[in-house]
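Dear colleague,

Please find below the structure that I am handing over to you. My notes on it follow directly after.

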Amino acid sequence: MSPTTSSIVSAAGESTDILAIANMPVLWICAAGVFAVILIQSVIYMKAARKAAPAAEITGPELKTAFRSGAIAAIGPSLAVVMVAIALLAVFGTPAVLVRIGLIGSAAYETGAASIAAGSAGAELGGPTYTQNVFAIAFFAMSMGGAMWMLATLILTPLMKRGGTKLAKVNPVAMSIVPGAALLGAFIALGVAEVPKSMIHVYALLTSAAVMGLCAAIGRSRKRAWLREWGLGFAIVAGLVVAYMAHTAGTPVA
Amino acid sequence: MSATSISTPITAAEAESDLAEFDRTTSRWGRLTMIAGLILSVAGPLYLVFFTGLDISAAQLWTAFAAVAAVFAIIWIVEPVTYFPILGPAAMYQAFMIGNISSKLLPSALIAQTRIGAKPGTRRGDFAAVAAICGAAAIHLVSLALFVGILGTWLISIIPVEVIDVARLYVLPSVLGAVIVQAILTIKQLRITIIAVVVALLVQFVLLPLVPAIAFLTTGIAVIGTIIVSWLARDRKPAVAVEN
């Protein structure tokens with residue numbers, strides 16, 4: 001690691017050496033902090049649950065069984081997230097990927113938010129305009145977005161606890177339309193915005209969609225349900241492989 | 001359930017106060033740890049912005065945040081409301097910090113509840129869910145630290161720079177293609193899907209060329225447009241039947 005920040009940030013952040021700033025020690029410390037907070041929370045929760053177990057008509061061994069089955073059930077999905085996270089390391093660096101993709105957020109929301117933020121700075125995520133400055137703006141916007149999610153949880157949970165689930169019942173028709181429309185509108189618009197960039201972008205988009213569809217179709221049978229979890233990881237890698245082949249075929253190899 | 005006979009018998013009053021204490025502990029510490037996680041997660045980017053000599057203006061940051069909010073603000077509120085009835089108050093503070101709720105935490109909780117024969121929505125079910133999420137969190141933290149933190153960082157350091165540059169260039173469409181298919185399959189509303197595609201195409205290829213200045217707001221406009229058109233074009237058959 002370089003001893004001074006000035007050698008990492010070059011030309012007032014106009015350098016495209018993203019990983020130089022994305023892997024700065026301070027960011028690693030913040031990421032480790034989030035890990036520690038989740039660990040502490042789990043310990044406090046398990047202790048509290050064990051203490052009140054008899055009152056909830058659950059035994060100590062049963063709590064242990066629940067912990068163990070939760071852990072085993074999470075192995076597959078966790079490794080699937082790992083695969084997606086590794087694919088995104090080149091864009092965001094390890095600390096940001098650990099916190100944003102691995103923990104708090106998810107690949108879909110965070111890459112979406114980063115792409116929108118880069119666009120607001122007149123740049124393209126991952127392209128030649130993706131400078132250190134643009135990375136910092138994207139990382140800021142992703143993190144603030146994630147913070148809003150947590151803020152909503154902090155504010156709404158006590159409210160819903162008091163009022164039951166009244167909030168969800170405000171308007172059942174609206175609840176059946178608005179969330180789905182917001183999600184589909186966001187991701188389809190983000191996908192369509194990739195189309196004019198280049199034919200290779202289109203290939204990557206279509207390959208990824210096709211592989212995901214295939215995984216979902218094959219994963220319909222209960223025996224192969226694991227394919228549904230791994231779909232996103234396989235689709236991203238397939239999209240990247242096709243893009244790489246098209247890219248190196250189209251441009252003379254240096 | 002046989003569980004009650006195994007556990008040490010306690011009076012109803014004792015049970016009441018024990019449960020109240022569990023609620024107090026989890027809501028106090030759940031909230032405190034979540035606030036700590038929130039602060040740590042924004043500390044990193046704030047450090048980059050203010051202390052590293054990057055050339056970024058406050059206006060750029062607010063524009064970026066506003067553009068993201070225009071797209072996701074509704075989802076920020078809808079998601080906690082959707083998951084509350086399934087998770088219960090204590091697990092809410094775990095789930096929204098650990099992430100990957102529907103793909104990992106919910107299945108873990110359900111499997112644990114089935115395993116010990118606890119119904120969701122009951123106290124037994126809530127406790128089983130909390131324990132299961134703790135177990136899932138433990139596995140997740142270990143596999144992330146090991147395979148992404150250590151192995152991933154090493155992988156990136158040995159992969160040739162040209163390959164990384166290409167991966168960086170095309171990772172966004174490679175993520176979005178799959179995410180769109182996943183969203184369509186999960187939401188299962190053909191009408192809204194078609195509306196979203198038409199609105200996105202109109203915004204991208206008609207509106208944007210006419211008003212290039214809105215470039216950074218196109219996704220937000222598409223989201224709001226999709227919601228409004230989906231609402232106006234919703235299936236009103238039940239309402240018609242009532243009128244008749």
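**Overview of chain A**

Chain A contains 10 helices and 0 strands. Please bear in mind that this is a predicted model. Read from the N terminus, the order of elements in chain A is α-α-α-α-α-α-α-α-α-α. The C-alpha trace of chain A extends over about 70 × 50 × 35 Å along its principal axes.

Chain A has 254 residues, and 58% of them count as buried. Where contacts in chain A join residues at least 6 apart in sequence, 62% are between residues at least 24 apart. The exposed area of chain A is about 10000 Å², with 69% of it supplied by carbon and sulfur atoms. As for charge, chain A carries 16 positive and 8 negative charges, and the mean positions of the two sets lie 17 Å apart.

**The interface between chains A and B**

How many residues does each chain bring to the contact? Chain A contributes 157 residues and chain B contributes 142. The size of an interface is often expressed as the accessible area lost when the parts come together. Here, the area buried between chain B and chain A is about 13100 Å², and carbon and sulfur atoms give 81% of that area. On the side of chain B, the residues that lose the most area to chain A are B:Arg168, B:Tyr170 and B:Leu172, which together make up 6% of what that side buries.

One residue of chain B that touches chain A is B:Thr219, placed in helix H8 (residues 218-232) of chain B. B:Thr219 counts as buried because its relative accessibility is 9%, under the 20% cut-off. With neighbours within four places in sequence left aside, B:Thr219 is in contact with A:Ile116, A:Ala186, A:Ala189 and A:Leu190, as well as with B:Val71.

**Salt bridges**

Side chains of opposite charge can pair when their charged atoms come close. Over all chains, the count comes to 7 salt bridges. One pair crosses between chains, running from A:Lys51 in helix H2 of chain A to B:Glu21 in helix H2 (residues 12-51) of chain B. In this salt bridge, the N to O distance between the side chains of A:Lys51 and B:Glu21 is 3.0 Å. A:Lys51 is exposed, at a relative accessible area of 58%, whereas B:Glu21 is partly exposed, at 30%. Between chain B and chain A, the count is 2 salt bridges.

Within chain B, B:Asp23 and B:Arg123 form a salt bridge whose closest N and O atoms are 3.0 Å apart. This pair links distant parts of the chain: B:Asp23 belongs to helix H2 of chain B and B:Arg123 to helix H5 (residues 123-158), 100 residues apart. B:Arg123 counts as partly exposed, with 30% relative accessibility.

Within chain A, A:Glu194 forms a salt bridge with A:Lys197, and the closest N and O atoms are 2.6 Å apart. Is A:Glu194 buried or exposed? A:Glu194 is buried, with a relative accessible area of 2%, while A:Lys197 counts as partly exposed at 27% relative accessibility.

**A further residue in helix H2 of chain A**

A:Lys47 lies in helix H2 (residues 25-52) of chain A. A:Lys47 counts as exposed because its relative accessibility is 60%, over the 50% cut-off. From C-alpha to C-alpha, A:Lys47 and A:Ser106 are 29 Å apart in space, and the two are 59 residues apart in sequence.

Yours sincerely

Terms used: Residues numbered from 1 in each chain as written. Chains lettered and ligands numbered in written order. Predicted model: local features only at pLDDT ≥ 70, side-chain atom pairs only at ≥ 80, totals over all residues. Heavy atoms only, no water. Helix = DSSP H or I, 4+ residues; strand = E, 2+ residues; numbered from the N terminus. Buried < 20%, exposed > 50% of the residue type's maximum accessible area, 1.4 Å probe, protein only. Contact = heavy atoms within 4.5 Å. Areas by Shrake-Rupley, 256 points an atom, 1.4 Å probe, with all protein chains shown as cover. Lys, Arg positive; Asp, Glu negative; His and termini not counted. Charge placed at Lys NZ, Arg CZ, Asp CG, Glu CD. Buried area = accessible area lost by both parts, 1.4 Å probe. Salt bridge = Lys/Arg side-chain N within 4 Å of Asp/Glu carboxyl O.
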